[in-house]
Amino acid sequence: MFFRLQIAAPKGAEQMLQEKQSTSISQEQFQRQLDLEKEMLENARNKVAVIYQTAKDKKRESVTLYGQSIMRTQLTVISEKIQAFLDEANSGKAGRRHIAVKYLNLFSDMNVVAFITLKSIIDSLTSRQTLLSLTLKIANAVYQEYKLSEFEKANPDLYHLMHHIVKTQHEQHKANAMSVAMSRNNIEVEEWSKQDKIQLGSKLLDIFMETTGFIEIAGESSSKGTVSNYVVPTAKCLEFVKRTEDFAGSTPEYLPCIIPPKKWTNVYNGGYYAKVKELWLVKARFNPRAYLEELNNQDMPTVYNAVNAIQDTSWHVNKRVYEVLNEMWYKQSLIPDKKGKYLTDEDEPLPLCPVCKCQVEVGMHDCFSNPDNKDAFKKWKRQSTQVYTNNISKRSKRLTVIRLLKLAERFMKEEKIYFPQQLDYRGRVYSIPSYLSPQGQDWGKGLLEFAEAKPLENMDSVKWLAIHGANVYGQDKLSLDDRFIWVLENEDNIKAAATDPVHNTFWQKADKPTQFLAFCFEWAEYIEACNSGAVFYSRLPIAMDGSCNGSQIYSLLLRDEEGARATNVIPSGDKPSDIYQIMADKVTAKLQVIQITGQVRYTKTGSIAYDERTLSRYLLDLGINRSATKKQVMTVVYAATFDSCKAYTLEWLREALKEKPENELNMLYDAQTLKYPANFLAELIWQSMRETIIKAYEGMEYLQAIAGIISKQQLPIYWTTPTGFKVLQAKKETKDIEVKTQIGTRIKMILKEELPRISAGKQKLSVAPNFIHSLDASVMMKTIEKAVHKGITHFAMIHDSYGTHAADAPALANILREAFVEMFSDNILLNWTNEALQILPKTEDKKNKVTIPELPVFGSLDLEQVLESPYFFA
């Protein structure tokens, strides 16, 4: 029986089902979808309930949503109350001073005391505890903070050594380890008396109680007639906890749909059918209701058409890829990551002590307590820091793999699955479900294929399939013809990978191994079909990626012919132009000159930092390749700062030195001082970018100048994209409260709600990337709309990566170029300027009149050349 409106469906579902005339959705399917959406919410509630109960059982309620909320909103208030109490006590007024004053005067920062007080109370907020035990708990935590600060004063080197070695989140374990180190090194701190601690803890508890109203003292009589005092949560507290728990559990763990998602027809209704949570088309950040209402009144059919087309794309779990990944992970405990590297289910062990060659355990290590082994500790610290960082990253990846495999297994039996879509405030499209998603990591993308297969009926479609295979392997710098030839030359390897993928290592060496494995299965089947004379039907999404798309958009926006040629916007020869390699070559040329003409650089204190000539020689020996400049070039057009350029350069340098351990830089610099060669190299990369992408810098500086004029008036920036989408940018000032405790880690709390003012700095920094992102979103939507009119129905889209069936790839390649030319034929920057400046108040006062900078001058780029550029998106 098929769905004929016999069941009570949420409003709008009937209309949606009628619109899907080509798809028969049974009553059973629709009910299964509603059950799935109900399950999403129940899963979220159950997860939050488990997290909250675990936190309560472990007396760590400060990590919960309600705990963090109280910490964030009450820290400053309680700190000020403590300081006010202390100021009055220290003012010299007559009267007996509270004993707590003596100990609070030992601290210079009342934020630290307030933080310790809050954490001590909140960790057991909803539990009943005796008044005596809680006051002692607060005071002992304050004493422990003081004790460790004295440790740091007495022996800074040993303190920082222990702080680095003892990697545990459990405060008591860390305190015990620190105490052992102090005892071994004869560092003594006077103990506070129990009576004084009770007085101190009681005062801090009083301040919390008066400030928040979240706890109260309740007396309880025993059978013997004695009365015990307990600290218990008030009704106000329990109501607050319940409210935050309900809120935390109201966000479903979004899953793919098993029927086509509900079409978006306005900003309030679409995606899922059941109202499990208020879900809007746009994830608005500021004044969401007013902004959404304004957006809802916008005429933007292209936006709705494009979003609905993406989420109407039917997908299927690639069973063969799933079986390979599942077997490798659960039987071999590893899975291909990229370029022959693997993710395993074990952490990398910490390096051995360079002195005794033994494992360094959590706690004190005797070798490092010896001052003569200071250099040995520095060496170990440098190595172990990187191991810690790598292990944290690996743990996150492991969780992703496990979640992916579970989701793939769950949806593998579904003939079709769909991914509801949502926009950010720039208009960029995102999949609402996470993990298993066409927008996910390589593992997630490789696990998905289109549910509908399309025949490869001409050689152009076959070539696009091959080009995709070469691209995901890492051969995307070859010409298109050479990529096709590469696949033909590697057919034996490809077939071998498809035949025995678990033991075959060819596919595992790819840049994107899981997607390449999916290609191997596809290409092997294509060969088999050709050999039998049959037409092959392909399901694989074929992706076409832009070349540093931010730079491409600036080149089109400002008609910059030089930038356009460097980023393949216009034809540049037989092979694709590589702007990252262009930049690397410029840096190499600079290093070759500096190797002869360089000078000695000094630190701020006057000591020698490095010799430019020596550094240049070592860096040239290391080899400045495209990877050395890629992230810097990719992000600079989104207003990335020189600080980020230095950070990316340091990141690349660390990885490059791992590959060349014999390079002299490994011998001369440690984790701290490696910043000197990294900053030196970053300066050269920064200079090279300024010399090359000149028009992009002009565009960014112009956008920032306009943003500065508007934000100076404390006004937001609005603009309408070429699709009719309304963008609101209103970055607010925030107040950062930083609390550094001795026993814990650095705690940084940001109180965004306290400062409603527009942040001129953030507005200027954000406007360029947001404007460019709004344009890449617009042109993608226009491409989709044109493609739908040409009969293309399946889309795998990720901002600057356009994908569809191999059969439709030749058509999509032409359509996207046409969309870019049509959209950028208009003077988009002038339109943006006129609209953005409309918000400024009109004035005839010459003193208050603002000077509007002139628009950047257009270059000589002929937009029609885009239509003939084979590597624009390839």
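Contact, in these exercises, means heavy atoms within 4.5 Å. The structure is a predicted model.

**Exercise 1. Place Gln 632 in the fold, decide whether it is buried or exposed, and list the residues that it touches.**

Solution. Begin with the location: Gln 632 belongs to helix 25. Next, take the accessibility, where buried means under 20% relative accessible area; Gln 632 has 2% relative accessibility and therefore counts as buried. Finally, leaving aside residues up to four places away in sequence, Gln 632 touches Cys 645, Tyr 648, Thr 649, Ile 685 and Met 689.

**Exercise 2. Describe how helix 26 and helix 28 cross, and state which residues meet.**

Solution. Start with the axes: those of helix 26 (residues 642-659) and helix 28 (residues 675-692) come within 8 Å, and they cross at roughly 120 degrees. Because of this angle, helix 26 is oblique to helix 28. The handedness of this crossing of helix 26 and helix 28 is right-handed. Then turn to the residues: from helix 26 the contact includes Phe 642, Cys 645, Thr 649, Trp 652 and Leu 653, and among their counterparts in helix 28 are Pro 677, Leu 681, Ile 685, Trp 686 and Met 689. Sorted by class, the residues of the contact of helix 26 with helix 28 are 12 nonpolar, 2 polar and 3 charged. As a link to the first exercise, Cys 645, Thr 649, Ile 685 and Met 689 are among the residues touched by Gln 632.

**Exercise 3. Carry out the same kind of analysis for helix 18 and helix 20.**

Solution. The axes of helix 18 (residues 480-489) and helix 20 (residues 513-532) come within 12 Å and cross at roughly 70 degrees. Angles of 65 to 115 degrees count as roughly perpendicular, so helix 18 is roughly perpendicular to helix 20. On the side of helix 18 the contact is made by Phe 484, Trp 486, Val 487 and Leu 488, while helix 20 supplies Phe 516, Phe 519 and Trp 523. When the contact of helix 18 with helix 20 is divided by class, there are 7 nonpolar residues, no polar residues and no charged residues.

**Exercise 4. For the salt bridges of Arg 626, Glu 691 and Glu 733, name each partner and work out where the two residues lie.**

Solution. Side chains of opposite charge can pair when their charged atoms come close. The whole structure contains 37 salt bridges.

- Arg 626 pairs with Asp 578 at 2.6 Å, N to O. Arg 626 is in helix 25 (residues 626-636), whereas Asp 578 is in the loop between helix 22 (561-566) and helix 23 (579-597), 48 residues apart. With a relative accessible area of 14%, Asp 578 is buried.
- Glu 691 pairs with Lys 590 at 2.8 Å, N to O. Since Glu 691 lies in helix 28 and Lys 590 in helix 23, the pair ties together parts that are 101 residues apart in sequence. Glu 691 is partly exposed at 41% relative accessibility, but Lys 590, at a relative accessible area of 18%, is buried.
- Glu 733 pairs with Arg 757, and their closest N and O atoms are 3.9 Å apart. Glu 733 is in the loop between strand 18 (726-729) and strand 19 (735-740), and Arg 757 is in the loop between strand 20 (746-751) and helix 30 (760-789), 24 residues apart. Glu 733 is partly exposed, with a relative accessible area of 28%, and Arg 757 is partly exposed too, with 46%.

As a last step, note that Lys 47, Glu 253 and Arg 403 are joined into one network by salt bridges that share partners.

Note on methods:
Residues are numbered from 1 along each chain as its sequence is written. This is a predicted model: local features need pLDDT of at least 70, side-chain atom pairs count only at pLDDT 80 or more; totals for chains, interfaces and linings use all residues. Side-chain values use heavy atoms; hydrogens and water are left out. Axes are lines fitted to C-alpha atoms, for helices over the stretch in contact, and angles run from 0 to 180 degrees between N-to-C directions. Helices (H or I, at least four residues) and strands (E, at least two) are DSSP runs, numbered from the N terminus. Angles under 35 degrees count as roughly parallel, over 145 as roughly antiparallel, 65 to 115 as roughly perpendicular and the rest as oblique. A crossing is left-handed if the near helix is turned anticlockwise from the far one by less than a right angle, and right-handed if clockwise. Ala, Val, Leu, Ile, Met, Phe, Trp, Tyr, Cys and Pro count as nonpolar, Asp, Glu, Lys and Arg as charged, and the others, Gly among them, as polar. A salt bridge is a side-chain nitrogen of Lys or Arg within 4 Å of a carboxyl oxygen of Asp or Glu. Buried means under 20% relative accessible area, exposed over 50%, partly exposed in between (1.4 Å probe, protein chains only).
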